[in-house]
There are 2 protein chains.
Amino acid sequence: MSNSTLPQGRNERFPFELVRPQLERVEASIRDQVRAFDPAVEPYVSYVCNTSGKRIRPALSILAGGALGNVEDGHVKLGVILELVHMATLVHDDIIDGAVTRRMVPTANAKWGAGLSVLLGDALFSHALALATEFNDIGICRKVGIASREVCEGEIIQTQRRFDLTLTKADYFRIIEMKTGALFAAATGIAAAISGADEATEAKLYDYGLKLGTAYQIYDDCLDLVGSEEAVGKTLRTDLEKGKLTLPILNLLDCSSESQRSKLTKRIVEQQPLDLPVLVGIAEYEGAIESAVDTAQAMLGTCRDHLVGLPGGEYVEALEQITRFLGALLEKCRR
Amino acid sequence: MSNSTLPQGRNERFPFELVRPQLERVEASIRDQVRAFDPAVEPYVSYVCNTSGKRIRPALSILAGGALGNVEDGHVKLGVILELVHMATLVHDDIIDGAVTRRMVPTANAKWGAGLSVLLGDALFSHALALATEFNDIGICRKVGIASREVCEGEIIQTQRRFDLTLTKADYFRIIEMKTGALFAAATGIAAAISGADEATEAKLYDYGLKLGTAYQIYDDCLDLVGSEEAVGKTLRTDLEKGKLTLPILNLLDCSSESQRSKLTKRIVEQQPLDLPVLVGIAEYEGAIESAVDTAQAMLGTCRDHLVGLPGGEYVEALEQITRFLGALLEKCRR
């Protein structure tokens, strides 16, 4: 891929060909879940479940199972559960952001209002956690519950620390590890537990997911600055407007000249939206993006290290390929 | 209690004296839960957890344990879990209703806005379900998850069927069994499972909770019409404004004269708020309330039937006393 191409953004197709048949089973099972709900609630759940997503978390669960030697029904089920949790968080995110479309179709919030959407997200959430009990394994239920809680906590902290100049990079990493890393890590880590892996292997696969999710969020945060709305297919520059201090912005605050930094911090302290022309005009802007890309690339390197020695040939390769794919997307963020 | 007294409303004190020490443990444990959260999230959780509630669900769990012969730590823990689920739903209800105060203090919604409150409810929800895994009993986790889902589903159906004249009494009962009955039933039913009760006993105690919760909701629905705002301490007539067709309204539609019914249905079809003077002017208004009270009283009778033969002396008496207490509150709704 050439550096001159614009970032494609969120419509990128991850290399999940190897597990396409199992992902079809995930789709079918997600559609089946609507039957667990009261008939009067079914249409709402069905609408949300039919909204296509990339199904990254299910793919990771299945690939991790394969990487340990065998894809089991449990890996498919775990994928369904984590995707339901993810969908619940999206329904709620759309309320919080006042989003009217997602993946080209109206959000639940736009169709039925915030009230019903709050409840719909809750119903999906509780259903996912009830579904987790089908594993008959209390440890798995606990891990799913804790990962779900971490996602919410990460988002709470992010909301709380908007326009907050005391936010450190350590705070930023903690936030994105929780809000995005936790469910990726649950996908690969719990998949290892399902495969009966030893503790060390489970820890490695957990960290693969955690680092991959974190790198993915850094990519998303860079894309919000450098992406083209047309190519990405969603509203960008929202982080700036909402005062979210992401890694490229924190890098910029670190390395810009005194006068430029004071201009930036003044806007942040006054809770004024940052605007892109101001940022781009700062000499260190490109370096700040580059440095964020470097950080994410280092994480992807750690992901690959964790794969060494796993038995599942082509599945291990696929997990490596995912890190390369995300790495290539990240490279496109450099100017 | 005299029938001439106005309904006291939501500040009524349920007769929980017998289990006061265990309820203190519930309070302490709820306060302890904040430590499970990230330090940055603690203050929000702590604020919501310190808002005093009646703790009906924990009391029912503990009393049901006692009624079966022994209050165990598990009954206290179950009470904590169900109260956390209940608190999560209240945080979300306050967003949906735009409520600014609850029990005389600002709601999370009023203090921090809808966005943070959605996430805070989610975090409480997922924490409650993670806490349920401490039972090391997959059956209990599943029951907690399903009860939580039912609460959300009941509220979704209620939201969906506002101003809907095709709503039958069967629909109404299904809605309130889900939105209020499910967590009461979980309190007494799961408590029986913790005590190792046989299936028939568990089913009886489950139904005790279900009927008690349903009767409690009918009381709440009558109170919304006949209560005094001053005595009740919260905004009333909201069901009318929101087009919620509660049992007394459904009774009124059933038994009012043709011309009165058509006046009522016209307002409902046009989604105009029903207003109280119109209702009170209908000859059958008092009868409609009386009939709803009768229905709830019959449920409380069934609750008492379920208690026959349980071993736990004073705890069984306390469970009976609760039905009498609620019965007396209901009687005050008659004119």
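Colleague: How many residue pairs are in polar contact across the interface of chain B and chain A?
Modeller: Happy to start there, with the reminder that this is a predicted model. Only pairs with both residues at pLDDT 80 or more enter the tally. Across the interface of chain B and chain A, the number of residue pairs in polar contact is 20.

Colleague: Which helix of chain B gives the most residues to the side that touches chain A?
Modeller: Four helices of chain B each supply at least two residues of that side: α4 (73–97), α5 (108–132), α6 (138–160) and α7 (169–194). With 14 residues, the helix that gives the most is α6(B).

Colleague: What residue of chain A forms a salt bridge with Asp38(B)?
Modeller: Between chain B and chain A the count is two salt bridges. In the one at Asp38(B), the closest N and O atoms are 2.5 Å apart, inside the 4 Å cut-off. The partner of Asp38(B) is Arg174(A).

Colleague: How much area do chain B and chain A bury between them?
Modeller: The contact involves 40 residues of chain B and 40 residues of chain A. Of the buried area, 70% lies on carbon and sulfur atoms. In chain B, the residues that lose the most area to chain A are Leu119(B), Arg149(B) and Ile156(B), together 18% of what that side buries. The total for the two chains is about 3,700 Å².

Colleague: What kind of axis relates chain B to chain A?
Modeller: Chain B can be laid on chain A with an RMSD of 0.0 Å, using a turn of 180 degrees and a shift of 0.0 Å along the axis. That is the relation of a two-fold axis.

Colleague: And which residue of chain B comes closest to the rotation axis?
Modeller: Going by C-alpha positions, the closest approach in chain B is 3.0 Å. The residue is Ile138(B).

Colleague: Why can we say that the copies meet through the same surface?
Modeller: The interface residues of chain B can be looked up in chain A. The copies meet through the same surface because the share of chain B interface residues that are also interface residues in chain A is 100%.

Colleague: How many disulfides are there over all chains?
Modeller: Cysteine sulfurs must lie within 2.5 Å to count. For Cys141(B), which is buried at a relative accessible area of 5%, the nearest cysteine sulfur is that of Cys141(A), 5.2 Å away. For Cys222(B), buried at 0%, the nearest is that of Cys333(B), 5.2 Å away. Over all chains, the number of disulfides is zero.

Notes
Residues are numbered from 1 along each chain as its sequence is written. Chains are lettered from A and ligands numbered from 1 in the order in which they are written. This is a predicted model: local features need pLDDT of at least 70, side-chain atom pairs count only at pLDDT 80 or more; totals for chains, interfaces and linings use all residues. Side-chain values use heavy atoms; hydrogens and water are left out. Copies are superposed by least squares on the C-alpha atoms of residues with pLDDT of at least 70 in both. Contact means heavy atoms within 4.5 Å. Buried means under 20% relative accessible area, exposed over 50%, partly exposed in between (1.4 Å probe, protein chains only). Buried area is the accessible area (1.4 Å probe) that two parts lose on being put together, summed over both. A salt bridge is a side-chain nitrogen of Lys or Arg within 4 Å of a carboxyl oxygen of Asp or Glu. A polar contact is a pair of N or O atoms within 3.5 Å; within protein, one must be able to donate a hydrogen and the other to accept it, and residues adjacent in sequence count only if both atoms are side-chain atoms.
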